[in-house]
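User: Hi! Could you walk me through some of the strands in this one?
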Amino acid sequence: FTSKTLMQSNNKPPPARYGGRHTVTLIPGDGIGPELLNHVRELFRFSCVPLDFEVVNINSSITSEDDINNAITAIRRNGVALKGNLETNHTLPPSHKSRNNVLRYTGLDLYANVMRCQSLPGVQTRHKNIDIIIIRENTEGEYSSLEHESVPGVVESLKIITRNNSLRIADYAFQLAREKGRRRVTAVHKANIMKLADGLFLQCCREVASGYPDIAFDSMIVDNTTMQLVSKPHQFDVMVMPNLYGNVVSNVCAGLVGGPGLVPGANYGHNYAVFETATRNTGKSIAGRNIANPTAMLLASCLMLDHLKLHDYASMIRNAVFATMNESLLHTPDIGGQGTTSEMVQSVMRNIKSSGPLTTEL
Amino acid sequence: GDTQIFLLWKSLSQILSRVLGAVKSQTQPRTFSRGVHTVTLIPGDGIGPEISTAVMKIFEAAKVPIQWEERNVTAIKGPGGKWMIPPEAKESMDRSKIGLKGPLKTPIAAGHPSMNLLLRKTFDLYANVRPCVSIEGYKTPYTDVDLVTIRENTEGEYSGIEHVIVDGVVQSIKLITEQASRRIAEYAFEYARNNQRSSVTAVHKANIMRMSDGLFLRKCREVAENYKDVKFTEMYLDTVCLNMVQDPTQFDVLVMPNLYGDILSDLCAGLIGGLGVTPSGNIGANGVAIFESVHGTAPDIAGKDLANPTALLLSAVMMLRHMGLHADAKKIETACYDTIRDKKVLTKDLGGNSKCSEFTTEICRRVQDMD
């Protein structure tokens, strides 16, 4: 099985490679993260993917910053990471910020969160044939964590929108739309109320849109967007939006295509990329019971393989996952079945074995 | 002997709890079982007048003891240069305490703020209540939806406080206060108790907005302590969205700050069929309540007898329940639902081709048949 030579991408430094094998940072996280990522490792070993994982554990219960800093350094070193979600204990004081967020924008500047919501054949949903790409600004907006109590009993939370970041994310959205052959980009906002903040975001989107005349651009207010998504989701193609609306819309869309267990997500920066499940759930209540749906994490690892230009491996695993999804007997409880995680992963491995290339013993 | 004593004890305890309840909070609905009560009617713009007429006709057919006082709401500049609603409108509302409002035009570059905002500020309408119930006969992919969204309507992300810090950097301030959070939480639990709802869920993002949503959540928890008969849960906003789209039947009453409420209430309206069939009520301090339809003015069909009065009618039904006129509310609501379920006389947006007046007449007929 020949591995592809790495083509130099023109704006990103190539990920680290030692002896022809990539090294990727793995952050198990909490809840169902560790078990799902173990399955990913098992699958990669089985499929002879030329990739090694460097495991970095982050303990979300202790308040020291060392864990997080180690993780950031590891991601910087390797350029790519695959992660489970880290639980945020919000009874701790506000200075203890959400670990997921710290990873995302401190030092790594992963400014674009991309999620493709695609209806999977074999999964029963109310709406069929959905294919929406959601691009969410990942670093600022309402997630700036800038809060203070100005007077006892009155708390202010700041939402920051900057021209640079808005232009950057809009540009990313249009580039991606062009690359994937998409026709329309919709900006989601609430500029009728937040006239300056969302107004600036919208204005930046319009400016960037004028540079892409081949792609149609329109805008929609966020509450109308959610209403349209539950009644007529097929009108949407690519959507771009600030941080909080991105959170809402991506969760609505994930629900539309079948739930949090099915959709992979990716966070891209100029130099680094981190892959995870799109809706970032820890899944505490189902941890350790072998009923979590591995699809989202497996598809996220395929996105990672694509990013590393290991396209053949990515397609092989992705096709095996889709073939497994077609068998409703194997569906896990979140999509209405009674299968277990390990059964699903075994089925994926069987599909890979039968599709040809060299694999280790099952 | 025993039965009589039991009945006497039962009625005494009911009277006692009603007296105590009325003393305890001002959000307990007042009973209007005797006499005719006045309601301020604000027809609004566009299709507003025709749907208001439809509602008045149906109420007349049902012989509801309500007397309408029509008022118009346009922004005028008061002494001191501040924008305000016309004094006749304000005086009427202050007297009647109950209002029914049609859609109002949004002014663009008119120099004054939106009328909805003015009304909200004038009467301190702090709670926006939207019950979302699936309408049998108007099919959507979601069936069996039965939830209520209660949204804090005065602060939060909609404070309107924004500044340009430096060129290219804008800051928008979200304000959460202890007082407003406690008030909305109390209203939510009272509503749950008065309407026999079993649980209240606080929707928040305290993992990210630790202090602001944290404060909101803390106040909800504190108020929950006083309402042990109602179950209290908390859920992240994104989890609510995710679950709402997959299985809306798991939700009952939802309470949340302004922005999340805006998004979620529209999401839920979308589940049952859109703004054309969704009722809405705004509760204010001092016992004022204004019920309204939340759709637009639809200027393209105004005056053509094509409008659908369902949203305004269901809001009026909500108003009757708030006033304690439960029998009348049930009668009109049943007539409306039966008409829609029958599918013989439906307005265009519901999939038929009848006129607004025909739809109204059909509901009136059913109401009269019920007597």
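Analyst: Sure, here is a short tour of some strands and their partners.

Analyst: This is a predicted model, where local features need pLDDT of at least 70, side-chain atom pairs count only at pLDDT 80 or more, and totals for chains, interfaces and linings use all residues. Residues are numbered from 1 along each chain as its sequence is written, chains are lettered from A and ligands numbered from 1 in the order in which they are written, and side-chain values use heavy atoms, leaving out hydrogens and water.

User: Cool. What is the strand order in the open sheet of four strands?
Analyst: The order is β7(A)-β8(A)-β9(B)-β8(B), with antiparallel pairing. Strands here are DSSP runs (E, at least two residues; helices are H or I, at least four), numbered from the N terminus, and two strands pair if DSSP finds at least two bridges between them.

User: Which strands stand at the edges?
Analyst: β7 (141-151) of chain A and β8 (156-166) of chain B; each has a single partner strand, so one side of each is left without a neighbour in the sheet.

User: How many bridges join β7(A) to β8 of chain A?
Analyst: Six, and the two strands run antiparallel. A:Glu149, for instance, stands opposite A:Val155 in β8(A).

User: New topic: is β7 of chain B mostly covered or mostly open?
Analyst: Mostly covered: six of the seven residues in β7 (146-152) of chain B are buried, meaning under 20% relative accessible area with a 1.4 Å probe, protein chains only.

User: And which strands pair with β7(B)?
Analyst: β6 (125-133) of chain B pairs with β7(B) in the antiparallel sense over seven bridges, while β12 (253-256) of chain B pairs with β7(B) in the parallel sense over four.

Note on methods:
Buried < 20%, exposed > 50% of the residue type's maximum accessible area, 1.4 Å probe, protein only.
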